[in-house]
Amino acid sequence: MTSQTKTIRAVISGRVQGVSYRAWTRKRALGLGVVGWVRNRPDRTVEAVFSGPESAVDALLAECRRGPLMARVDDIAVSEAAPFAGEGFEILS
């Protein structure tokens with residue numbers, strides 16, 4: 001059984017800026033083989049696009065609900081996104 005590609009957009013809220021959330025997310029994404037990007041938003045949330053095998057995207061999303069040690073994740077709003085055409089996983093400014 002082959003895994004389908006899944007692409008989602010996630011907006012993570014809580015104490016997620018100033019706690020290395022973006023770098024942590026990139027490291028986790030690369031480890032799971034997920035491509036996409038992550039960035040801070042002016043409203044103090046973090047936004048990300050994850051694309052890859054459905055199981056890997058789901059695993060990354062589950063990890064993001066916990067976040068790095070100093071983070072506090074209050075909520076993650078998830079929506080479907082257009083397929084990601086890039087390669088790798090970038091931290092956007």
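These numbered points describe a predicted model, going from its sheet to its helices and then to single residues.

1. The sheet. Five strands form an open sheet in the order E4-E1-E3-E2-E5, and their pairing is mixed. Strand E4 (72–80) and strand E5 (89–92) are at the edges; each has a single partner strand, so one side of each has no neighbour in the sheet. From one strand to the next, the twist averages 20°. As background, strands of a sheet pair through backbone hydrogen bonds, and the pairing may be parallel or antiparallel.

2. Pairing of E2 with E3. E2 and strand E3 (residues 46–53) are paired in the antiparallel sense, over six bridges. To find this pair in the structure, start from asparagine 40, whose bridge partner in E3 is valine 46. Arginine 44 sits in the loop between E2 and E3. Although arginine 44 is not a glycine, its phi is positive, about 75°.

3. Pairings of E1. E1 pairs with E3 in the antiparallel sense over eight bridges. Alanine 10 has alanine 48 as its bridge partner in E3. E1 also runs antiparallel to E4, and eight bridges join the two. Here valine 11 has alanine 77 as its bridge partner in E4. In general, side chains in a regular strand alternate between the two faces of the sheet.

4. Helix H2 and its length. The 13 residues of H2, at 1.5 Å a residue, should span 18 Å; the end C-alpha atoms are 19 Å apart, which agrees. After H2 comes glycine 67, with a positive phi near 75°.

5. The two sides of H2. Which residues of H2 are buried? They are Ala56, Val57, Leu60, Leu61, Glu63 and Cys64. Viewed down the axis of H2, the buried residues fall within an arc of 160°, so they line one face of the helix. Ser55 and Arg66 are exposed, on the other side of H2. The cover over the buried residues of H2 includes E1, H1, E3 and E4.

6. Valine 34. This residue is in the loop between helix H1 (21–32) and strand E2 (35–40). Is valine 34 buried or exposed? Its relative accessibility is 2%, and buried means under 20%, so valine 34 counts as buried. Leaving aside neighbours within four places in sequence, valine 34 is in contact with Ala29, Phe50, Ser51, Ala56, Val57, Leu60 and Phe89. Among these contacts, Ala56, Val57 and Leu60 are also among the buried residues of H2. Valine 34 and proline 53 are 19 residues apart along the chain, and their C-alpha atoms are separated by 7.5 Å.

7. Serine 51. Serine 51 belongs to strand E3. With a relative accessibility of 5%, serine 51 counts as buried. What does the side chain of serine 51 make a polar contact with? The partner is the side chain of threonine 7, at 2.8 Å. Not counting residues up to four places away in sequence, serine 51 touches Thr5, Lys6, Thr7, Val34, Val35, Val57 and Phe84.

8. Phenylalanine 89. Phenylalanine 89 is part of strand E5, which stands at an edge of the sheet. Even so, phenylalanine 89 is buried, with a relative accessible area of 3%. Residues up to four places away in sequence are not counted in its contacts, which include Thr25, Arg26, Ala29 and Leu30 as well as Val34, Val35, Gly36, Trp37 and Val38. Val49 and Phe50 are also touched by phenylalanine 89. Phenylalanine 89 and valine 34 are 55 residues apart along the chain, yet a separation of 7.3 Å is found between their C-alpha atoms.

9. Serine 20. The loop between E1 and H1 contains serine 20. Its relative accessibility is 53%, so serine 20 counts as exposed. The phi of serine 20 is near 65°, a positive value in a residue other than glycine.

Terms used:
Residues numbered from 1 in each chain as written. Predicted model: local features only at pLDDT ≥ 70, side-chain atom pairs only at ≥ 80, totals over all residues. Heavy atoms only, no water. Helix = DSSP H or I, 4+ residues; strand = E, 2+ residues; numbered from the N terminus. Buried < 20%, exposed > 50% of the residue type's maximum accessible area, 1.4 Å probe, protein only. Contact = heavy atoms within 4.5 Å. Pairing = 2+ DSSP bridges. Axes fitted to C-alpha atoms, helices over the stretch in contact; angles between N-to-C directions. Expected span 1.5 Å × (residues − 1). Arc of directions from axis to C-beta. Polar contact = N/O pair within 3.5 Å; in protein donor to acceptor, adjacent residues only side chain to side chain.
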